[in-house]
Amino acid sequence: AGAGTRMRSLKPKVLHTLAGIPMVEHVYNTCRGLGAKQIQLVYGHGGDLLKQECQHFDVEWSLQEEQLGTAHAVQQASPNINEADVALVLYGDVPLIKTKTLDILVKQVSGNNVSLLTVSLDDPTGYGRIVREAGKVVAIVEHKDASDDIKEIKEVNTGILAVNAAYLNQCLDKIDNNNAQGEFYLTDIIALAVKEG
C-alpha cells in the first residue's frame, strides 16, 4: 500500500490501527489462519517503520523501491514463491477480508486458471471494471482506461486473486505499462489468461 496521503498522516497507511492492531497485521493474521506455507510482504513507503512495527511477523520481506504498479509489486516477491504452490495476492490495507472467503477463492485454482474476487457496487467510480462475455470474465479495465460504456459496469475488481505461482510468473513477464497511468497492472493477468485459453 502507498503513503496514506488521503489519511493525512506521515504513518504508512497499513500501520493505521483497526481494533487496536495495524491493518496489515489483520491481513497477516488472516494468512496465518489460512495455513499459508510462506508469506511475502512487499513494502515501499515507510519500510523501516513497517519492519520495526511488524518485526514479530514470520514473513519474507521484498522491497519495491519504485512504486510502478500492482504487477510490479507482486513481481518483487514472485521469485521467492514456490512455483508448485498457489499464490494468493492480498493488500495490507484491506484488513476485513474473511479467511472463509479466501479459502473458497484458493480452492477454485487448478492448472492455469485464475480465481478472482469481485464485488458489485452502486457507485463503482474509481474501480477497475469486470468485463464479461457470455458470463465469463474476459478483462478488467481500470477506471482511467475505461470507455463510457465500460464505466456503466457495476461489478468491480477487489484486487484479490489466486493463481498457480508458476503461471503467475509467466504472466508477470508479459505485462506492460501501456496504459493511462504508465503502471504495470496486475489486472492484465486476466486478459492474458483469457487469450491463452
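## Two cysteines, six salt bridges and a pocket

The sulfur of Cys-54 sits 12 Å from that of Cys-31, its closest cysteine sulfur, which is too far for a bond. This is a predicted model, by the way, so treat what follows as a tour of a prediction. How many disulfides does the count come to? The answer is zero. Cys-31 is in no disulfide, with the sulfur of Cys-54 as the nearest cysteine sulfur, 12 Å away. For a disulfide, the two sulfur atoms would have to be within 2.5 Å of each other. Are these two cysteines buried or exposed? Cys-54 has a relative accessible area of 0%, so it counts as buried. Cys-31 comes in at 12%, and is buried as well because the limit is under 20%.

### Charged pairs

On to the salt bridges. The count comes to six, and here are three of them, including where their partners sit.

Let's begin with Lys-13 and Asp-93, whose side chains meet with 3.0 Å from N to O. This pair links distant parts of the chain, with the two positions 80 residues apart in sequence terms: Lys-13 belongs to the segment before strand 1 (17–18), while Asp-93 is in the loop that runs between strand 5 (86–89) and helix 4 (99–107).

Next come Arg-32 and Asp-58, which form a salt bridge at 3.9 Å, again N to O. What does this pair tie together? Arg-32 is part of helix 1 (residues 23–34) and Asp-58 is in the loop between helix 2 (47–53) and strand 4 (60–63), so the salt bridge ties together parts that are 26 residues apart in sequence.

Then there's Lys-174 with Glu-196, a salt bridge of 2.6 Å from N to O. Here too the pair links distant parts of the chain, 22 residues apart: Lys-174 is in the loop between helix 6 (165–172) and helix 7 (188–195), and Glu-196 is in the segment after helix 7.

How open are these six side chains? Here's the picture, residue by residue.

| Residue | Relative accessible area | Class |
|---|---|---|
| Lys-13 | 16% | buried |
| Asp-93 | 26% | partly exposed |
| Arg-32 | 42% | partly exposed |
| Asp-58 | 53% | exposed |
| Lys-174 | 44% | partly exposed |
| Glu-196 | 38% | partly exposed |

Why does Asp-58 count as exposed? Its relative accessibility is 53%, and exposed means over 50%. Lys-13, at 16%, is buried because that value is under 20%.

### Rings that meet

Now for the aromatic side chains. The count comes to two pairs. In one of them, Tyr-28 and Phe-57, the ring centres are 4.1 Å apart and the planes are at 5°, so this pair is stacked. Tyr-28 belongs to helix 1 and Phe-57 to the loop between helix 2 and strand 4, so the stacked rings tie together parts that are 29 residues apart in sequence. Both Tyr-28 and Phe-57 are buried.

Tyr-43 and Trp-61 are arranged edge-to-face, with 5.6 Å centre to centre and 80° between the planes. These two also link distant parts of the chain: Tyr-43 is in strand 3 (residues 40–43) and Trp-61 in strand 4, 18 residues apart. Tyr-43 counts as buried at 13% relative accessibility, whereas Trp-61 counts as partly exposed at 25%.

### A hairpin

Further along the chain, strand 7 (residues 129–133) and strand 8 (residues 136–141) pair in the antiparallel sense, over five bridges. Which residue of strand 8 is the bridge partner of Ile-130? That's Ile-140. Strand 7 and strand 8 form a hairpin with two residues between them, and in the turn Ala-134 has a positive phi of about 50°.

### The second largest pocket

Last stop: a pocket. The second largest pocket holds about 320 Å³ of space. Its lining includes Asn-112, Asn-113, Val-137 and Tyr-167, and Glu-196 is there too, the residue that forms a salt bridge with Lys-174. Which element gives the most to the lining? Helix 7 does, with three residues. Strand 6 (114–120) and helix 7 each supply at least two of the lining residues.

Terms used. Residues numbered from 1 in each chain as written. Predicted model: local features only at pLDDT ≥ 70, side-chain atom pairs only at ≥ 80, totals over all residues. Heavy atoms only, no water. Salt bridge = Lys/Arg side-chain N within 4 Å of Asp/Glu carboxyl O. Helix = DSSP H or I, 4+ residues; strand = E, 2+ residues; numbered from the N terminus. Buried < 20%, exposed > 50% of the residue type's maximum accessible area, 1.4 Å probe, protein only. Phe/Tyr/Trp six-rings, centres within 6.5 Å; stacked < 30°, edge-to-face > 60°. Pairing = 2+ DSSP bridges. 1 Å grid on protein atoms, 1.4 Å probe; cavity = no way out; pocket = protein on both sides within 12 Å on 5 of 7 lines; lining within 4 Å. Points joined across faces, edges and corners; volume = space filled by probe spheres on them.
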